[in-house]
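Open the model in your viewer and keep the selection panel at hand. The stops below are given in the order in which to select them.

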Amino acid sequence: MQRMRTRSGSMISRRAFLSSAVVAATGLAVGFRPRNVFGSAMETLYVPRPSKPQYILHVAPTTLNPDRKQNVTAVTANGSFPGPEIRMREGDQLRIRVENLLNQPTSIHWHGLLVPASMDGVPAVSNDPIAAGRVFVYEFPIRQTGTYWYHSHWDMQEQIGLAGPFVIEEANGPGNIDHDAVVMISDWLHRSPEQVWATLRRQTSMRAGSTMQGSTPMGTMKPKGEMPMKGGTPETAMPMKEQKKAAGTAMTMGASSGVDLSDVTYDAFLINGKANADPWLLKARPGEHIRLRFINAGASTYFRIRLDRIPLLITHADGIAVRPVTVDHLLIGMAECYDAVVSLPASGSYTLHAVAQDGSGQAVGVLHTPDVEPAPNLTMPSFDGRALSYTDLRAVDPTTLPNGPRRSFRLALQGDMSRYIWTIDGQAYPKADPLLIRQGDRVEVEMKNETMMWHPMHLHGHFFRVLQGAGELSPLKHTVNVAPRETVKFEFTADNPGQWIFHCHNLYHLEAGMARVFEYQA
Ligand SMILES: [Cu+2]
């Protein structure tokens with residue numbers, strides 16, 4: 001059970017909080033179903049509006065063992081992974097007090113939220129990190145609705161547990177929804193991400209015959225913006241896959257195209273912090289409407305999501321409503337969010353699969369009716385049927401941007417596997433030029449992926465229109481996948497002054513330089 005802290009600092013459980021909220025709310029709102037409130041499905045039942053939009057997160061070292069195979073030194077918020085669910089209502093003012101109990105800095109980024117730059121939580125770009133033993137209060141108005149999340153933007157803390165869901169409910173209530181559940185999917189290591197990083201750098205450096213010059217010694221990872229990284233011109237003359245294969249780096253090939261689906265071998269995949277031996281469960285009656293809020297919180301894993309025998313009605317992408325589309329499965333990149341509405345057709349147990357794109361494993365959860373014991377199906381699902389494509393995504397209303405001075409960027413996504421450096425247009429962040437824009441600009445970005453890996457490119461502080469043929473109904477997103485060899489375009493209005501990082505949400509690609517900063521000029 002996730003716990004949250006009240007204003008007075010006392011710990012309450014979500015169950016206790018719900019009970020008191022329910023008791024206080026006699027004469028319940030339309031659509032609220034008392035018959036479920038005291039039933040056993042309470043934890044996944046629709047959660048009413050929190051009474052105090054204030055949270056306290058204690059960031060501290062925590063020993064976790066989600067797959068019951070190995071204790072791992074993690075960093076968590078309030079002792080759990082995922083961290084406490086932050087649940088707000090559109091129009092609220094949020095206040096979150098973050099207490100850093102680590103002996104190292106931290107910094108929290110509110111992923112997908114339209115915050116002022118001073119609250120974005122990216123060290124060396126928008127904010128100072130929160131030093132060891134210090135407190136920072138994040139405070140900003142909630143200007144949107146939907147499914148988001150928060151995670152550390154310091155070092156590799158995101159990989160080891162410092163992340164949690166952030167849900168903003170619509171002011172007019174949940175609509176025709178009986179159960180509202182976050183499904184946060186992640187990848188889990190038994191070794192430290194610093195070890196992974198050192199291996200990636202060492203193997204590629206040795207392959208190149210270098211002397212570790214470009215590598216970061218284990219345990220001396222620097223924050224974003226201070227990585228001791230050599231500049232220079234990336235070279236992609238050798239096919240990456242061969243270099244990586246020669247270097248012995250974990251990888252899995254695509255079926256025929258030479259596509260490389262993963263750099264990192266994971267020990268487990270998790271749904272809501274739970275591994276398959278003790279899977280995440282949701283109980284619902286046949287026909288009830290279940291809103292699943294999918295968040296890919298993996299550090300470097302794409303997942304394919306499928307619910308056994310049940311189609312997914314996709315209603316939201318990256319927090320924002322789209323014209324509903326029914327699919328059999330979907331691919332979700334790191335940092336993307338999708339909401340799907342499903343219902344169980346009949347009494348039974350239905351397994352939700354999140355399969356790593358490289359096929360190396362899966363996380364499962366189980367949706368089941370109250371009369372049936374949950375029976376996880378650990379067989380790898382097939383992915384026949386209809387997959388969600390970006391071309392299926394249509395905004396509810398036109399998203400055409402207001403006119404403004406056009407500013408265009410053509411950015412090549414590149415990698416230099418001889419040194420494990422990932423670049424945007426030949427430059428590895430932080431030794432990279434800012435992308436200069438002005439308030440009111442209509443900013444167009446064309447990304448050409450010259451590599452054989454997928455890159456989920458994420459922009460802070462803005463939503464952009466993904467230009468894939470939907471015309472005036474082009475969907476708004478904060479993260480867009482760029483498949484190997486693919487070109488993707490997006491555009492946005494520069495309406496949130498400051499400095500905003502734009503980066504690949506593969507944590508290892510980010511560490512290796514795949515980022516730029518959009519900088520507003522006066
Ligand atoms: Cu990438």
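Begin with a selection of Glu85, Arg87, Arg89, Glu169, Glu170, Asp180, Arg291, Arg293 and Asp339, which are linked in a network of salt bridges. A salt bridge here is a side-chain nitrogen of Lys or Arg within 4 Å of a carboxyl oxygen of Asp or Glu. The structure holds 25 salt bridges.

Before going further, note that this is a predicted model, in which local features need pLDDT of at least 70 and side-chain atom pairs count only at pLDDT 80 or more, while totals for chains, interfaces and linings use all residues. Residues are numbered from 1 along each chain as its sequence is written, and side-chain values use heavy atoms, with hydrogens and water left out.

**Stop 1: Glu170 and Arg291**

Keep Glu170 and Arg291 from the network. They form a salt bridge whose closest N and O atoms are 3.5 Å apart. The pair links distant parts of the chain, with Glu170 in the loop between strand S10 (163-169) and S11, and Arg291 in strand S14, 121 residues apart. Strands (E, at least two residues) and helices (H or I, at least four) are DSSP runs, numbered from the N terminus. Are Glu170 and Arg291 buried or exposed? Both are buried; the term means under 20% relative accessible area, with exposed over 50% and partly exposed in between (1.4 Å probe, protein chains only).

**Stop 2: strand S14**

Now select residues 290-296, which make up strand S14. Of its 7 residues, 7 are buried, so the strand is largely enclosed by the rest of the structure. In a regular strand the side chains alternate between the two faces of the sheet. On one side of S14 are Ile290, Leu292, Phe294 and Asn296, and on the other Arg291, Arg293 and Ile295.

Add strand S11 (residues 179-188), which runs parallel to S14 and is joined to it by 7 bridges. Two strands pair if DSSP finds at least two bridges between them. Asp180 stands opposite Arg291 of S14. Then add strand S19 (residues 337-342), which pairs with S14 in the antiparallel sense over 6 bridges. Leu292 has Ala340 in S19 as its bridge partner.

**Stop 3: Lys477 and its two partners**

Select Lys477 in strand S28 (residues 476-477). Which residues form salt bridges with Lys477? One is Asp318, with the closest N and O atoms 3.0 Å apart. Asp318 sits in the loop between strand S16 (312-317) and strand S17 (320-327), 159 residues from Lys477 in sequence. The other is Glu336, where the closest N and O atoms are 2.6 Å apart. Glu336 belongs to the loop between strand S18 (329-332) and S19, and 141 residues separate it from Lys477. Relative accessibility is 0% for Asp318, for Lys477 and for Glu336, and each counts as buried.

**Stop 4: the copper ion**

Centre the view on the copper ion. Its protein donors are His455 (ND1), Cys504 (SG) and His509 (ND1), lying 2.0 to 2.1 Å from it. Donors are N, O and S atoms within 2.8 Å of the metal (3.2 Å for Na, K and Ca); water is not among the atoms, so sites may look incomplete. The donor residues are spaced H-x48-C-x4-H in sequence. His455 lies in strand S26 (residues 455-459) and His509 in helix H5 (residues 507-511), so the pair ties together parts that are 54 residues apart in sequence. His455 and His509 are buried, and Cys504 is buried with a relative accessible area of 0%.

**Stop 5: the nonpolar cores**

Select Trp110, Phe166, Ile314, Leu367, Met447, Tyr508 and Phe518, the residues with the most contacts inside the largest nonpolar core, which has 105 residues. Such a core is a set of buried Ala, Val, Leu, Ile, Met, Phe, Trp, Tyr and Cys residues joined through side-chain atoms within 4.5 Å. Strand S20 (residues 349-356) gives the largest share of this core, 4 residues.

Next, show the surroundings of Leu367. Neighbours within four places in sequence aside, its contacts (heavy atoms within 4.5 Å) include Trp280, Leu282, Ile290, Leu292 and Tyr350. Another core, of 17 residues, lies apart from the 105-residue one; among its members are Val72, Ala163, Met184 and Trp188.

**Last stop: the whole chain**

Zoom out to the full protein chain, which has 5 helices and 32 strands. Of its 522 residues, 60% count as buried. Among contacts between residues at least 6 apart in sequence, 75% join residues at least 24 apart.
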